Amino acid sequence: MRRTRLGAALLLLFAVACGGESPEGRASSAQDGTILLPVRDDPTVSFCIWFQVGSQNDPPGKEGLAYVTGHLLAEGSTQDNSYEEILAQLYPLASTYGVRVDREMTTFRGRTHVDNLEKFYALFTDAFLKPKFDEKDFERVRNDALNAIKNTLRYSSDEELGKAAFYDFVFTGTSYSHPREGTVQGLESLTIDDVRAFYNQYFTLENSVLALGGGYPSNLPERLRTSMSALPAGKPAPAQEPRAAAIDGRKVVLVSKAGADASLSFGFPIDVLRGEREFYALWVANSWLGEHRNSSSHLYQVIRSARGMNYGDYSYIEAYPEGGFRQKPPQNVSRRQQCFEIWIRTLPNDQAVFALRAALRELQTLVDRGMSEEDFELTRSFLNKYVLHFAETTSQRLRYAVDDRFYGIDGSHLENFRKILPTLTLEEVNAAIRKHLQYENMKIAIITGDADLIKRQLESDEATPMQYASEKPAEVLEEDKEISTLPLQIAAADIQVIPVEEMFEN
Amino acid sequence: MLGHPTVRSRTTARRPCRWLVVSMTLCVLIGATTSAIAQKIFPYETHVETLDNGLKTMLIPMNSGGLVAYWTIVRTGARDEYEPGHTGFAHFFEHMMFRGSEKYPREVREKLVTEMGADANAFTSDDLTAYYLNIASEDLEQVIELESDRFKNLKYPEAEFKTEAGAVYGEYRKNRMNPFFRVYEAVHQEAFDVHTYGHTAMGYVEDIKAMPEMFEYSQSFFSRYYRPENVVVVVIGDIDVGRTRKNLQEHYGDWARGYTPPQVPVEPKQTKEKRIDVPYEGQSLPIVWISYKMDAFDPNNLELMSADVFAQLAFGETSDIHKKLVLEEQVVEFIQGEVNMNRDPGLMDIIARVKEPQRVDYVVQEIDRTIAHFKENLPDAQRLADLKSNVRYDFLMGLDTPMNVARRLYRVIAVTGGIEAVDHMYRSYDKVSAQDVQNAARKYFVDEQRTIAILRPGEGGES
């Protein structure tokens, strides 16, 4: 039944009065640091346990260790139950738990109906408190990770491959370069003893942050804290901050793959993070230029709507893994180093350089001229409500609260943004563009089945005119003349070609 | 559980995810077994009305923090593409619906939708095309105005039509390297001799390439299928029912009737097993995909509901075959079984990704052994009870936002044309016994009713 707004307000007061720990529906921090997000009328309980470890902590030569460790805990046996028994016990509860391992974070997530809390709690917490490190589970999890690289990433989705190749290229030589799943040789070198030692080093109480949300009973936070004391002791040293090498000019990697169309990802590291006012200013500009999976994206309008070249074109100022498979930003992929990134979805190889030029031209225009007042106001209006969809469920809000902790944000990132939006000025946004965006120094990754053609077009800087199957308006054709001859200024020595089978090998 | 087959996979997923976001309505209803909720499983008030022109509206008020999900479900999908050379057209037409009208040309419409910060999109599958906007409740009236306008008055120039055809080809391009898409496409083509389920919602590549030349056909398509009798508007969230109903009547009431049903051919009964090898030029682990012919969805068909229960018991995550092949022998990366909810007789799919190419035959044998076992033995009573508990809690946990409610309802609404099927299904599922599961295994899972497709990498194919 629908509750009236007055009813909701009364409930809020009641929750504050009775709960005493945290305002209803809003995350806050308990004295011991536990993140609490009580939602009294939510019939479910959400958990998020964050360990401050990720693929950046993989020892050299053991790339994939963090990923396999996280997944072995979430998808393996415990001291009390085999994995098969765990699945059987979770099944009637319709509850699952899982893990996300990213560069800097490992988060265990679970959700259950409050009716089933007791049964679920034991299974969920055992996963990271009492892992069995079963050799057979280890082989399965490692094999899945190897397959994720050797077959899925390399061969099943050129778009995800393009993004991974871009990150690898930008962060070469740093702990951020390899995919979170690791590398083929790194995974093959792992042993169960490596996993056990990694767990003991990083999955400690001092290295964890607990987060609870939904309609949980009032004693659950304390109970969880007590349970967690069974974790190994110790506080590992923080991983060194990844510093991508400065980029001088435009560098290109062509990932050569027989039969592939072209998928492009390009950009450069930026020195601004969520929580800073400049970040929010830059967010407005980026949303206008390339809001993910949205026809309001300017790049989308130029490349897809006006020219019908591909399925979509977007830009980012934060990591956005699995972009091809999600509509809204993922949580718990927080990073100390972010990139500005443009993503051009799959298109024919002979149109790749034109699309690259079109996107570069739009970026150049944005950097040189800034946003217009009209676009600024429209984007501000859009974002004010659009971000409401980023965290509609308790679980999503809880994960955002964990990310807020990562970035040291006081309050809520999304709520703060909505508060800051009306106070932002066009001048601030344009200043943030000038400070953080540029178009001269960047790394470009292209997956392609015709590396020879693209290499030749790039290094010769020859015109790449577009041919259309349908009639186009005169202004589009006029613009095409400028796009097709936009100077690329890419030196032949700055173009490397890598066969796909060598990607993420070691 | 019940749903729609897969055409793509996540980078690290152990299971393929779905071609579209799939309604879990049927499966979640299975578990609601207590008699207290036997008559009504869905917890929210539902206000259903049919306007004089045949348009059905469903209003579902719920406390949602000011959010509203506005869905327009057109009961037309790839199934309706019965005319040769026009496969993929329902999906293409979905793209055209974003190209504007005289009153709200594309740029104007996009600006209005952008201003309201709507999460707006659409998708097409075999039996339906769905358009949705997830909005703040204060924007509902404007959305009713915009949506009713484009469904009544869509207008686009030929040049824009041709341009959009390029974007559709781009969508095909991004999918075509996915091995699950390949085998999904191939198994449907093989399984159906004449029915339109033989092609995917993307359509055949040669038809996609020819789309720019079908401008006139597109107008005929709109005129025949985008009519009120063929559409359901669903509004969920913080809404005033009386006001919303009045608004819908005002804006949609003058939409002219004129639906012309498609002449979908009737698939003859399959009489012998079909086997195909699916070529794939990339690198992939082999995929085994076995599809059995099923009945059309009918919430009162106890045998079909029992087949779905069988699919979970036999091939789900707690099944014996999962334990043996995934966990113990580690021969397959995953295995799953699923009955699809379709308007016409469709398929039940068993899908496994095999880790070693030489073990493909063994995996098929194990699948056969599993089916034979269920034909000879009644399922374990505890597992049947666990399954019913699973779907009950899955249902209860999945209705937390207007969009999630819509995702659970849209397919049953599209396939049946109403929401009553929810309760009817529940009553049927409530009756499923161990004996019914065995009967379903015996009835549906026979060799002459199936198509076996094996994708093996490195055997060339389309470029």
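## Chain A: burial and overall form

Of the 506 residues in chain A, 53% are buried. The model is predicted. Chain A holds 18 helices and 12 strands. Its radius of gyration is 24 Å, and the globule rule gives 23 Å for 506 residues, so chain A is as compact as a globular protein of that length.

The C-alpha trace of chain A spans about 70 × 60 × 40 Å along its principal axes. Contacts in chain A often link distant parts of the sequence. Take those between residues at least 6 apart in sequence: 80% of them join residues at least 24 apart.

## Where chain B touches chain A

The contact draws 58 residues from chain B and 62 residues from chain A. On the side of chain B, five elements give two or more residues each: α3 (106-115), β7 (129-136), α5 (158-176), α11 (320-328) and α13 (381-397). The largest share comes from α5(B), with 11 residues.

What kinds of residue make up this side of chain B? They divide into 19 nonpolar, 20 polar and 19 charged.

## A strand pair in chain B

Strand β11 of chain B covers residues 332-339. Is this strand mostly covered or mostly open? Mostly covered: seven of its eight residues are buried.

The partner of β11(B) is strand β12 of chain B, residues 347-354. The two run antiparallel, and seven bridges join them. Within this pairing, B:Gly337 of β11(B) stands opposite B:Ile350 in β12(B). In a regular strand, side chains alternate between the two faces of the sheet.

Methods: Residues numbered from 1 in each chain as written. Chains lettered and ligands numbered in written order. Buried ≥ 20, exposed ≤ 12 C-beta atoms within 10 Å, placed from the backbone. Helix = DSSP H or I, 4+ residues; strand = E, 2+ residues; numbered from the N terminus. Pairing = 2+ DSSP bridges. Contact = placed C-beta atoms within 7 Å. Nonpolar A, V, L, I, M, F, W, Y, C, P; charged D, E, K, R; others polar. Rg over C-alpha atoms; globule rule 2.2 N^0.38 Å.
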